[in-house]
Number of protein chains: 2
Amino acid sequence: MKYSYQREQILKIVQSSYGHLSANEVYEQVRKIIPNISLGTVYRNLNTLAEHHFIRRIIMPHGSDEYDYNVEPHSHIYCVKCGNIYDLPSKVDERMQKLVEKEAGYTITKSSVVFEGICPQCESEKEG
Amino acid sequence: MKYSYQREQILKIVQSSYGHLSANEVYEQVRKIIPNISLGTVYRNLNTLAEHHFIRRIIMPHGSDEYDYNVEPHSHIYCVKCGNIYDLPSKVDERMQKLVEKEAGYTITKSSVVFEGICPQCESEKEG
DNA sequence: CCCCTAAGTAGTAATGATTACTACTTCATT
DNA sequence: AATGAAGTAGTAATCATTACTACTTAGGGG
């Protein structure tokens, strides 16, 4: 991987976001610094960075994929009320994997798990 | 839902497939019976049938969605060796859901879970 | 039994996310 | 400094899916 200013800025944005960003959201942000950057460059660099484990690509079932500063394998949950995407503890992933391997006899190499539900905050607001 | 010959044939194909078919695969099959059927008609009917719980739509992380005759909620695993998509027992789903609700405090309404791994058959062939 | 209209259809165009392509530029090594 | 592999901007292409349009049909009320 050769250095490039574009990639450096893209990495900074994802790392400082402390959340999940779509390629387009990264594009919007990086354009403030590099106005003529191309969307293709954003995609290419996000994927290169993900391949080299600097960030993690979250393949969303529908809609655009998201890029995550947290490189530890973990699943995600989309809150249908507030629209946010939250991380699930990686402990949950480990246990899910063991469950599938034990119950069904498969060797899991990778998983794409996105839950939909209601986050604790929205759940408690329901009563207020 | 008004009767239509097209929808009847589409339902028959998915139900008699005993597996998972993409919209395009259904299209290819139904064209043998109704040569000038439109791909849009296939999509519309598959989704209508799924909404009415005659079949189930499996949203795949990447690639095309699949349609399943098995309407019980269950997750899927894609075997990276043979390329097939297998069902996981719905017991696994129930336990995954409980795990997430207990460990992370979320109320799960829906889940899109697709594992990638190696199926028992391919696993055993490795040694031969 | 026929008419009406909402639902369905074929065919095509549009959408949205992502990747591919092309000609030009830049990093970093000798 | 020269070279070549890797990177870039800009644009076109791809792929799955949905939307649109004008036409057709199912099927209940008169």
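Which part of DNA strand D, sugar or phosphate on one side or bases on the other, supplies what share of its atoms within 4 Å of the protein? Sugar or phosphate holds 72% of those atoms, and the rest belong to bases.

A word on the ground rules before we go on. This is a predicted model, in which local features need pLDDT of at least 70, side-chain atom pairs count only at pLDDT 80 or more, and totals for chains, interfaces and linings use all residues. Residues are numbered from 1 along each chain as its sequence is written, chains are lettered from A and ligands numbered from 1 in the order in which they are written, and side-chain values use heavy atoms, leaving out hydrogens and water.

Let us start with the two protein chains. Chain B superposes on chain A by a rotation of 180° with 0.0 Å of shift along the axis, at an RMSD of 0.1 Å (a least-squares fit on C-alpha atoms of residues with pLDDT of at least 70 in both copies). That is the relation of a two-fold axis. Both copies use the same surface, since 100% of the contact residues of chain B recur in chain A (contact means heavy atoms within 4.5 Å).

Now back to DNA strand D. It is surrounded by 18 residues, the closest being A:Lys2, A:Ser4, A:Thr41, A:Arg44 and B:Tyr43 (a residue is near a strand if one of its heavy atoms lies within 4 Å of it). The side chain of A:Lys2 places an N or O atom 2.8 Å from a base nitrogen of DNA strand D. Phosphate oxygens of this strand lie 2.9 Å from a side-chain N or O atom of A:Arg7 and 2.4 Å from one of A:Thr41.

DNA strand C has 19 residues around it, and here the closest are A:Tyr43, A:Asp65, B:Ser4, B:Thr41 and B:Arg44. Sugar and phosphate make up 71% of the atoms of DNA strand C within 4 Å of the protein. A phosphate oxygen of DNA strand C sits 2.4 Å from a side-chain N or O atom of A:Tyr43, and a polar side-chain atom of B:Arg44 is 2.5 Å from a phosphate oxygen of the strand. The backbone takes part too: an N or O atom of A:Tyr3 lies 3.3 Å from a phosphate oxygen of DNA strand C.

Finally, look at the cysteines. The count of disulfides over all chains is zero (a disulfide is a pair of cysteine sulfur atoms within 2.5 Å). For A:Cys79, the nearest cysteine sulfur is that of A:Cys82, 3.6 Å away.

Technical notes: A polar contact is a pair of N or O atoms within 3.5 Å; within protein, one must be able to donate a hydrogen and the other to accept it, and residues adjacent in sequence count only if both atoms are side-chain atoms.
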